[in-house]
Amino acid sequence: MGIQMTNLMAGAGNQVMLADNAVDFSAHYLMPINLFGQTVYLTTTHVTTLIVAVVIILLALFARHQIMKEDYEVPNGIQNAIEMLVEFLSGVIKGSMGRHAKPFINYVATIMIFIFISNTSGLFGLRPPTADYGTTLALALITFILIQYSAIKTSKFRAFTNLAKPIPLLLPINIIGEFAVPLSLSLRLFGNMIAGTVMMALWYGLLPVFVKIGIPTFLHAYFDLFSGAIQTYVFAMLTMVYITDKRDAED
């Protein structure tokens, strides 16, 4: 069991070269699992996603512990940092969604934290979960369901009749436009993150001499940190725009 867990953790890393020095930037099968008579595989994406989830849970528990301390009236540096993060995320969401922000602050803040940590996990030798289309599609589908649920809750049956506006002839186009939302969200995030993963794999695999002098450090700072932060903001901003536009249209 110990050897198996070691292999799982090693496989979760950003494996960029095979044994024969060929470039390798794909997700890897780690362990077959029999489920209801079907064989499914545990992949590097599952492991890194689990790691990211555990990190978020631990950070949340730590933040709660700091907030609940008896000397909260005299906050320390960690408490100040937590409050600054919460206020920053709340400010971004309220500034983008206005009067519609309150019901969605928790959701948007959560996906921002998850996507940012996932995108920057490459800094720690992991393959970013967002470089797998299954992850980005799942996030986009959750957002899509939330958008449609919000529209139906706001305007009931008008959420469906509005698809035939301004003229019924546009109904098929409007339906296609609705289903284009999760595709747009998922492909944009996936495309940018897999591009960064491929670029880093090429550097490690094809130019190993530059690895020794530390050049990939700067590339990690761009592809994992800077680009990861930008893609987090873009995904969250588009989510807020889609929800706000839908609720404004239904009011």
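**Two ring pairs, one pocket and a cavity**

Phe190 counts as partly exposed, because its relative accessibility is 23%. On this scale buried means under 20% relative accessible area, exposed over 50%, and partly exposed in between (1.4 Å probe, protein chains only). The model is predicted, so local features need pLDDT of at least 70 and side-chain atom pairs pLDDT 80 or more, while totals for chains, interfaces and linings use all residues. Numbering starts from 1 along each chain as its sequence is written, and side-chain values use heavy atoms, without hydrogens or water.

Start with the overall layout. Nine helices and two strands make up the elements of the protein chain (DSSP runs of H or I, at least four residues, and of E, at least two, numbered from the N terminus). From the N terminus, the order is α-β-β-α-α-α-α-α-α-α-α. The protein chain has 251 residues, and 37% of them are buried.

Now take helix H5. This helix covers residues 133-155, 23 residues in total. Its expected span is 33 Å (1.5 Å times one less than its number of residues). The end C-alpha atoms of H5 lie 33 Å apart, so expectation and model agree. Which residues of H5 are buried? They are Thr135, Thr136, Leu139, Ala140, Thr143, Phe144, Leu146, Ile147, Ser150, Ala151 and Ser155. In an α-helix there are 3.6 residues a turn, so residues three or four places apart point the same way. After H5 comes Lys156. The phi of Lys156 is positive, near 55 degrees.

Next, the rings. The count of aromatic pairs is two (Phe, Tyr or Trp rings, the last by its six-membered ring, with centres within 6.5 Å; stacked under 30 degrees, edge-to-face over 60, otherwise tilted). Tyr133 and Phe190 form an edge-to-face pair, 5.5 Å centre to centre with 70 degrees between the planes. This pair joins distant parts of the chain. Tyr133 sits in H5 and Phe190 in helix H7 (residues 171-206), 57 residues apart. Tyr133 is partly exposed, because its relative accessible area is 24%.

Phe144 and Phe179 form a tilted pair, because their planes meet at 40 degrees, with ring centres 5.6 Å apart. This pair too links distant parts of the chain. Phe144 belongs to H5 and Phe179 to H7, 35 residues apart. Phe144 counts as buried, because its relative accessibility is 12%.

Finally, the empty space. The structure has two cavities of 30 Å³ or more (on a 1 Å grid over the protein atoms alone, sets of points where a 1.4 Å probe fits but cannot get out). The second largest cavity has a volume of about 40 Å³ (the space filled by probe spheres set on the points, which are joined across faces, edges and corners). Leu185, Arg188, Leu189, Gln231, Val234, Phe235 and Leu238 line this second largest cavity (an atom within 4 Å of a point). H7 and helix H9 (215-250) are the elements that give two or more residues to this lining. H9 gives the most, with four residues. By class, the lining has five nonpolar residues, one polar and one charged.

The largest pocket (an open set with protein on both sides within 12 Å along at least five of seven lines) has a volume of about 830 Å³. Its lining counts 25 residues. Nearest its centre lie Leu85, Val86, Leu89, Ala109 and Ile113. Helix H2 (44-67), helix H3 (77-97), helix H4 (105-119) and H9 each supply at least two lining residues. H3 gives the most to this lining, with nine residues. By class, 21 lining residues are nonpolar (Ala, Val, Leu, Ile, Met, Phe, Trp, Tyr, Cys, Pro), four are polar and none is charged (Asp, Glu, Lys, Arg); the others, Gly among them, count as polar.
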